[in-house]
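Me: Please take a close look at a single part of this model, the largest nonpolar core and the loops that go with it. Then place it beside the other parts that can be described in similar detail.

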Amino acid sequence: MDEAVGELKQALPCVAEAPAVHVEVLQRGGSTAKKEDIKLSVCKLLNRHNIVFGDYTWTEFDEPFLTRNVQSVSIVDTELKAKDTQPIDLSACALALHIFQLNEDGPSSENLEEETENIIAANHWVLPAAEFHGLWDSLVYDVEIKSHLLDYVMTTLLFSDKNVDSNLITWNRVVLLHGPPGTGKTSLCKALAQKLTIRLSSRYRYGQLIEINSHSLFSKWFSESGKLVTRMFQKIQELIDDKEALVFVLIDEVESLAAARSACRAGAEPSDAIRVVNAVLTQIDQIKRHSNVVILTTSNITEKIDVAFVDRADIKQYIGPPSAAAIFKIYLSCLEELMKCQIIYPRQQLLTLRELEMIGFIENNVSKLSLLLSEISRKSEGLSGRVLRKLPFLAHALYIQAPSVTIEGFLQALSLAVDKQFEEKKKLSAYL
């Protein structure tokens, strides 16, 4: 154990069975400071501020070394399992520090040559990527979906490390997220890959995310799809062979695999459809032997997924539309952002749902705006997360059109935007 961690234990002694508290330290892109030196400085910061209430982020520092080299220090994921926000005494917790820098390069394309044409078979990110920074926190769910997914991957690593006999206890490193469109399934997969790359940065030097373009592989070159799938996974195998990398394979709309098989009933050659599914299943069975790979899949239409594939998924997690409580949290984060950017001005403090519950939802000068937001959240039920994140923009575009607006004015516009969204849904359904 290095000196920095030793000093951390002296500065912040840990209780034997205390819950782990994760601290993510975002190192500035141009910084060349050693991680050990950053750890020491962060330890001193945490020693001065050892009582926090849930998740907390520092972006300004008294120490010049941190100011030069660190963009933010964040205590994260304390609320994933906790129902209430309680004070956290960092001196009584096991602390896990994760120091990382963001990759600014953006995605590259993985191409497969077929006859005279290049097929864009996948998009490829090196993690942690600047594009996904903050994505994990933006995803709000009512149940402990995010913590369950984190625990799942950590268990796959533990079982591999302990050499658990996979013939006696099986796991396939496959996650299936299913549910209606617009609920954040693909975003959650990308955010999970980013989060785990940061969480496991002491074990893996970087992450690799390969998002397979299912439609390119399974439609246009249908008769060659089986071969294309095999060639795609051969490229993935090359990434997995680098044991310093944690590799995530994302297959969006995985029902495209089964759609090929259903084409048998439409007159296509059955052997072609079967080859596609068999190729994917064979490749999954091969790469699951490696401890540094996780396969993430999503589906909007679970009943169309091949049964053999579903059986291989260790976790089959339903992702549904957000409840009123989750919508309130989503709107609250949007309003905080608009206040930070001074589109909503002046800044006003809004109460959380927990704080509203504590005062029995009684209306007063302090709670009035938060209660209005709660009412808007309730009438927004039924809208997808994708739509909810657009509504603050639409509220401004349709009903404000001014550089700044009071929070009262914005909430009125947001309420109108919600009403308009349901009117449009009703009109669209009449034509379908």
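Reply: Helices here are DSSP runs of H or I with at least four residues, strands are runs of E with at least two, and both are numbered from the N terminus. The model is predicted.

The largest nonpolar core has 33 residues. Those that touch the most other members are Tyr331, Ile344, Leu373, Leu391, Phe410, Leu411 and Leu414. Two or more residues each come from α12 (324-340), α13 (353-358), α14 (368-379), α15 (385-399) and α16 (407-431). Helix α12 gives the largest share, ten residues. Leu414 shows how such contacts are spread: apart from neighbours within four places in sequence, Leu414 is in contact with Tyr331, Leu373, Ile376, Leu391, Pro392 and Ala395.

Cys334 has a relative accessibility of 11% and therefore counts as buried, the limit being under 20%. Cys93 is also buried, at 6%. With sulfur atoms required to lie within 2.5 Å of each other, the model has zero disulfides.

Two loops between these helices have backbone features to check. Most residues other than glycine have a negative phi, and most peptide bonds are trans. In the loop between α12 and α13 sits Pro346, and the bond to Pro346 from Tyr345 is cis, with omega near 0°. In the loop between α15 and α16 sits Gln401, which is not a glycine yet has a positive phi of about 55°. At 59% relative accessibility Gln401 is exposed, because the limit for that class is over 50%.

Similar backbone features occur elsewhere in the chain. The peptide bond from Leu127 to Pro128 is cis, with omega near -5°, and Pro128 belongs to the loop between β8 (117-127) and α4. Glu253, in the loop between β11 (245-251) and α9 (255-262), has a positive phi of about 50°. Its relative accessibility of 30% makes Glu253 partly exposed.

Helix α5 (residues 145-161) allows a check on geometry. Its 17 residues, at 1.5 Å a residue, should span 24 Å, and the end C-alpha atoms are 25 Å apart, so the two values agree. The buried residues of α5 include Leu149, Leu150, Val153 and Leu157, as well as Lys146 and Ser147. Among the elements covering the buried residues of α5 are α4 (135-138), β9 (174-178), α6 (185-199), β12 (293-299) and β13 (315-318). After α5 comes Asn163, with a positive phi near 55°.

The last part is an open sheet of four strands in the order β3-β4-β1-β6, with mixed pairing. Its edge strands are β3 (56-58) and β6 (94-100), each of which pairs on one side only. Neighbouring strands are turned against each other by 15° on average, with direction ignored. Strands β1 (residues 20-27) and β6 run parallel and are joined by seven bridges. Leu26 stands opposite Phe100 in β6. Helix α2 lies across β1, β3, β4 (70-76) and β6, at about 135° to β6. Ser41 lies in α2 (residues 35-48) and is buried, with a relative accessible area of 6%. Neighbours within four places in sequence aside, Ser41 is in contact with Glu63, Phe65 and Leu66.

Note on methods
Residues numbered from 1 in each chain as written. Predicted model: local features only at pLDDT ≥ 70, side-chain atom pairs only at ≥ 80, totals over all residues. Heavy atoms only, no water. Core = buried A, V, L, I, M, F, W, Y, C linked by side-chain atoms within 4.5 Å. Buried < 20%, exposed > 50% of the residue type's maximum accessible area, 1.4 Å probe, protein only. Contact = heavy atoms within 4.5 Å. Expected span 1.5 Å × (residues − 1). Pairing = 2+ DSSP bridges. Axes fitted to C-alpha atoms, helices over the stretch in contact; angles between N-to-C directions.
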